[in-house]
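I am opening a notebook on a structure I have not looked at before. The entries below follow the order in which I looked things up.

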Amino acid sequence: MLKKVIMLSVAVLFGMQAGLAMAANPDTGPGCGLGKLAWADYSHQKNIGPQVLMATTNGTFGSQTFGISTGTSGCTNDGKVMAEEKTTLFAQLNFENLSQEMAQGQGEHLASLATLMGVPAEQHAAFFAMTQERYTSLVKTGEASPVAMVKAINDAIATHPVLAQASTR
Amino acid sequence: MPRIQSLPKPQLANNQHGASTLESKPRVFLTRCWCIVLLLFILLLAPTSPVDAGALIENEYLVELIDKGLEAKLASEQEWHLLLHYRKDLFGGYSSEQDDPGFFMSPDGKTNPQAELDATLKQFFSDELVGRSKQPAQCAFVARYEWLRNRLRFDENRLPPMACERFERWFADFEAQSITLIFPSAFLNNPASMFGHTLLRVDQRGQTDSTRILAYTINYAADVPPDAGIAYPIRGIFGGYRGYFSTIPYYLKVQEYRDIENRDIWEYRLNFTGDQVRRLLMHAWELGNASFDYFFFKENCSYHLLALLDYADPTLYLTDEFLLWTVPADTVRLIASKPGLVSGIAYRPSRSNVIRRKREFLPASERELAHRIAQDLGELTSPAFAQLGLAKQAFLLDLASDYLRYRIETTDSPPPELKERNRAVLTARSQLRIPSQEFMVVPFAKQPELGHRTSRASVGGGWRNNDTFEEQTIRAGYHDLLDPEIGYTPNAQIEIASVTMRTYNRINQTRLERATLANIVSLSPMDSVFHAPSWKINAGMNTIRFDSCQLCSNGFLNGGIGAAMESHWLKREVMFAFAEAEANYSRAYEEDHRVGGGGTVGLLTDLTDRWKLMASGSYLRYALGDKSDDFRWFVGQRFTLLQNLSLRLEYNHRDHDNDVMFSMQAFF
């Protein structure tokens, strides 16, 4: 039963059942039918039962969505995340790590987000300081919609005295 | 859909040109007229004569290529066998490990390398969509095409190359610079990861250590239907599922292993040339058309990754080293043992180990303060916290957030207040306006290639009651609590398939003394943060002395659940206690069996880096079958001589039964 819930969530997450995804999660993710479930559901596999069942197969989250040369589905093209979805998908799937690192003013998820948003490495410190300062509002926005959070960060970059000059995108 | 370029291409181009002329200059009658004539001409000719002519040329050239291939004996070359995953079978022929018919161009392709080569050449002339990825053969099997094109010097006029946009886009998107082997280490409390896992990461150009998570991985895993239920493990072991390759972003894998499953990750940067990286990716693309029957013990994640590395560098011969099973740590050891193959090793600690090391770093009072903050945010206004420097405040808040996230990830349906508390801790943290300092985490278990090998052979001798004996043991895998722990997860034991033959000298009898099907022990030291229980399960047979029977075979099944604690009085001690149930089957017992329960307490301690001691005592009372009880003692010591050689002295006591043995154990 639990596994079914998980698999369904994965399916919903990557828009394999796009209709259902839209019905259950209106407008919470990037435009490829990506719901807001992500790892919240995977992590419920903590109890030992499903793990024993998983034991012999290395069965893992997302191996179908990212299957090599499988054509186009949801957010992916032959298993690769579509260019226009990269940043929002990253923000969505790493939201917990990102919010922790924004508060901490550094971290690899935050550095990776900065890179995806075109902030050059020498401006990362300024980027980190900016997201730390705006932590409360960014996280509040991000909890409702990661797309909106990425937009809010973009807007903040545009009005930032240093970052606006340096950003390549 | 990839663009198709074949022989009638010039006509197609004319056709398009004509059509656009028709639209843009509708008033020029002459042009229109010409166009109509031209169109008619094309319509008449295009489907017939150019194709016929093409087919003729194609056939002629195909025959030529096949002959050239035969002459050069390409079908018996290593490269072709690597590409098609052929292995020599028992009868001297070949058979591919690949199990998807779409991977072969010939119906006999799985067992006939020559037929497959000929059929592949033929298919290169066609734009028919083949394989699961539904592309023309040239694009679906880019590595085969490239190799044959070079070896047979394809004439581009007679066999025109096709544009493979899907592959080119996929390949370019990697921005590949190098390949890193990723080893999420074994973690016993999750049976899915008992032996660890391996995957490849495709590192991008221009990446720094802090953006590595943006890279894609190449991962091999079984595809398991959602309602697999109890058939799961059985089908997984015996090849009942299909395994596929995927390119899951590394950030998802890091979340899965480090954040959710709390496993350390080791990263081995491989010293591949640009050409080898390209070869690896081209073959990985082809494997998108492949599926392998997944066998947990041999043809598993690690095995198929080795095949990919073998193709990248055909001088490696990695898969040849594995006959019966492929243990991920063994593949890591093998790769690390190849001179010059690994250019750097990085360590990515699990969240639980980050917490452990941060706690060790703090004095007890601050450790408790961080723990209290995670439980009650009121602590933030306490004088104890307020008097600390900014950097120390940040450190404690970060640790409190780590605790909370650990709790959230490891509890089933975590209460919402945990998440809210974490947000509040982070809000307080964000107001400190300083970045957290880099914190170096020293691993608890060294990297796997420093550990002993997987299988073990022992010879020993000793005394049992009034007799002396010699014995030999062979154990397929993997590690027991007394084995040298370097490179292995501490406090975890997995013994699988072990057999002991023993010769008693006075009564002159050789017998099967012990056999182990599986003997697994997981000790998880508890403290204020970590609450996981310890557990054990053991199934096998041993030789007992019971009532009138001096040496009787006894089958047993034992399982227990308990708790462990760690201390550092001498060096490192782990104390444990289990409540357990046991069933015995032996003709020594009345009604041939007994079933009961009891408990075990014990101590495991490192006396020096090489010398380890374990002592345990158990009491079991059997209420079913032969109503009896059992009091057992065990004291064992191990001394490590070399990475793969150690000595043991073990004493086993049961009622009227004393067994002392000295043995030497070699890992291979």
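**Notebook: chain A, a helix pair, one isoleucine**

I started with the contacts in chain A between residues at least 6 apart in sequence, and 53% of them join residues at least 24 apart. I keep in mind that this is a predicted model.

Next I looked up the elements. Chain A has 11 helices and three strands. Read from the N terminus, their order is α-α-α-α-β-β-β-α-α-α-α-α-α-α.

I then checked burial and surface. Chain A has 169 residues, and 62% of them count as buried. The chain exposes about 6300 Å², with 59% of that supplied by carbon and sulfur atoms.

I turned to a place where chain A meets chain B. Helix 9 of chain A (residues 135-144) and helix 18 of chain B (residues 416-430) have axes that come within 10 Å and cross at roughly 145°. On the chain A side I noted Tyr135(A), Thr136(A), Val139(A) and Glu143(A), which meet Arg423(B), Leu426(B), Thr427(B) and Ser430(B) of helix 18. I sorted the residues of this contact into three nonpolar, three polar and two charged.

My last entry is on Ile474(B), which lies in strand 13 of chain B, residues 467-479. Is Ile474(B) buried or exposed? Its relative accessible area is 47%, so I list Ile474(B) as partly exposed; the exposed class begins over 50%. Leaving out residues up to four places away in sequence, I found Ile474(B) touching Arg456(B), Ala457(B), Ala497(B), Ser498(B), Val499(B) and Phe668(B). I also looked up Met501(B), 27 residues from Ile474(B) along the chain, and the two C-alpha atoms are separated by 9.0 Å.

Terms used. Residues are numbered from 1 along each chain as its sequence is written. Chains are lettered from A and ligands numbered from 1 in the order in which they are written. This is a predicted model: local features need pLDDT of at least 70, side-chain atom pairs count only at pLDDT 80 or more; totals for chains, interfaces and linings use all residues. Side-chain values use heavy atoms; hydrogens and water are left out. Helices (H or I, at least four residues) and strands (E, at least two) are DSSP runs, numbered from the N terminus. Buried means under 20% relative accessible area, exposed over 50%, partly exposed in between (1.4 Å probe, protein chains only). Contact means heavy atoms within 4.5 Å. Accessible areas come from the Shrake-Rupley method with a 1.4 Å probe; for residues, only the protein chains shown count as cover. Axes are lines fitted to C-alpha atoms, for helices over the stretch in contact, and angles run from 0 to 180 degrees between N-to-C directions. Ala, Val, Leu, Ile, Met, Phe, Trp, Tyr, Cys and Pro count as nonpolar, Asp, Glu, Lys and Arg as charged, and the others, Gly among them, as polar.
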